[in-house]
Amino acid sequence: MVVAAAVAISASATVGFRYYPYELKLRHAFNLASMSRTATPGVQVEITIDSIIGYGEASMPPYLGESVESVTAFLSKVDPERLSDPFAMERIHSYLDSIAPGNRAAKAAIDIALHDLTGKITGQPCYRLYGLDTDVMPSTSYTISNDTPDELLRKLAESEPYKVLKVKMGVPGDRELIEWIRSRDDRPICVDVNQGWKSVEEALDNILWLAERNVIFVEQPMDKADMEGHRRLRELSPLPIIADEAVQTSADIPALAGAYDGINIKLMKSGGLHDAYKMALLARALGMKVMIGCMTETSCAVSAAAQLAPLADWVDLDGNLLIANDLFDGMKIVDGRVWLPEYPGVGVSPITNVNH
């Protein structure tokens, strides 16, 4: 069903291109295997054609090696007129790659804004442009990282609408955290190690322990460079092994088949929806599972990723729910599943009373 009237674009349309830093404030400290943080740097992007605004976003967790400075430096080199046909996605990505390699969060911000424009011009949400069916949306997980007892109780209470929990391991007290949750909650858990385990033996010992505690998969257990170790671990593990840091774009996937059971696709790694869609199809062709995740992001980037959720076995799309200063209204969790409003484009509407 068409949800908005299609909009005609004039041949002489000019392109407006605006971007600005926006730091995301976390509701709770985000504790990983190697660090803890309470905020994530970001850059918001707006591309305007004939008064139609496409919204995009770059989020820069430290491990990706990007920063507000690197993103804005890249965006400053972009000729807005090269973005005047948002449907020419392949050509535009080739142009962006010609400016500089990498810079995927910056490229993702442009890609998301262009997808938002194509949806608004056609009057359709992006999932319809990809031919996807939101009736088959998977349940999403809610991330709980180790914290003080009072904070953990708050996090567990906030997770109530979700059917799956996600727990960070590879940090001191990780087994105790699993046991603490299991003493209070029997929902399935997926585990994200963020490369925190140092050997196959350590990883397997933990996985065998987890397999008895209703854990459904383990994400990036060891160093992403240890391909042979992951091959050995996959042969021995009773739980699926999912690549996260080891996979960035579709070009990485063929080498991972046999070492991992699946991949975690994130727009900030892939450079946006254009390659993320290719990644999902290629992983499927290689017999791998598909997970769609996010960084700490506003509802703009999370809702954009949610447009591809029907392609996934699992989704981890809670990044917008973990921040205290969202700029957009977008995807929601209804009965534990991803729900998208019938907005054209990436599925967001700006929150007008947020100062930025």
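Here is a quick tour of this structure, going sheet by sheet and then on to some helices, a pocket and a single arginine. Keep in mind that this is a predicted model. Two open sheets come up below: one has 8 strands with parallel pairing, and the other has 3 strands with antiparallel pairing.

**The antiparallel sheet**

- The strands of this open sheet come in the order 1-4-5.
- Strand 1 (15-21) and strand 5 sit at the edges with a single partner strand each, so one side of each is left without a neighbour in the sheet.
- Going from one strand to the next, the twist averages 15 degrees.
- Strand 1 and strand 4 are held in register by 7 bridges and run antiparallel; V15, for instance, has I49 in strand 4 as its bridge partner.
- Strand 4 (residues 42-49) also runs antiparallel to strand 5, this time with 8 bridges, and here V45 has G56 in strand 5 as its bridge partner.
- Strand 4 and strand 5 make a hairpin with 2 residues between the strands, where D50 takes a positive phi near 50 degrees.
- Although strand 5 (residues 52-59) is an edge strand, it is mostly covered, with 7 of its 8 residues buried.
- Helix 1 (residues 68-75) lies across strand 1, strand 4 and strand 5, and runs at about 20 degrees to strand 4.

**The parallel sheet**

- Reading across this open sheet, the 8 strands follow the order 6-7-8-9-10-11-12-13.
- Its edge strands are strand 6 (141-144) and strand 13 (314-316), each pairing on one side only.
- The twist averages 25 degrees from one strand to the next.
- For a look at one pair, take strand 7 (residues 164-168) and strand 8 (residues 189-192): they run parallel and are joined by 4 bridges.
- Within that pair, K166 stands opposite C190 in strand 8.

**Two helices with a buried side**

- In helix 5 (residues 149-158), the buried residues include E151, L152, K155 and L156.
- Those residues cover an arc of only 135 degrees around the axis, which puts them on the same side of helix 5.
- Helix 6 (residues 174-182) has D174, L177, I178, W180 and I181 as its buried residues.
- Looking down the axis of helix 6, its buried residues fall within an arc of 160 degrees, so they line one face of the helix.
- The cover over the buried residues of helix 6 includes strand 6, helix 5, strand 7, strand 8 and helix 7 (200-210).

**The second largest pocket**

- This pocket has a volume of about 230 Å³.
- It is lined by 14 residues, and the closest to its centre are H93, D97, K107, S270 and D275.
- Helix 2 (89-99), helix 3 (104-122) and helix 11 (273-285) are the elements that give two or more residues to the lining.
- Helix 2 gives the most, with 4 residues.

**One residue to look up: R232**

- You'll find R232 in helix 8 (residues 227-236).
- Is R232 buried, exposed or partly exposed? Its relative accessibility is 38%, so R232 counts as partly exposed.
- Leaving aside residues up to four places away in sequence, R232 touches V200 and E201.
- R232 and Q124 are 108 residues apart along the chain, and their C-alpha atoms are separated by 45 Å.

How values were computed:
Residues numbered from 1 in each chain as written. Predicted model: local features only at pLDDT ≥ 70, side-chain atom pairs only at ≥ 80, totals over all residues. Heavy atoms only, no water. Pairing = 2+ DSSP bridges. Axes fitted to C-alpha atoms, helices over the stretch in contact; angles between N-to-C directions. Buried < 20%, exposed > 50% of the residue type's maximum accessible area, 1.4 Å probe, protein only. Arc of directions from axis to C-beta. Contact = heavy atoms within 4.5 Å. 1 Å grid on protein atoms, 1.4 Å probe; cavity = no way out; pocket = protein on both sides within 12 Å on 5 of 7 lines; lining within 4 Å. Points joined across faces, edges and corners; volume = space filled by probe spheres on them.
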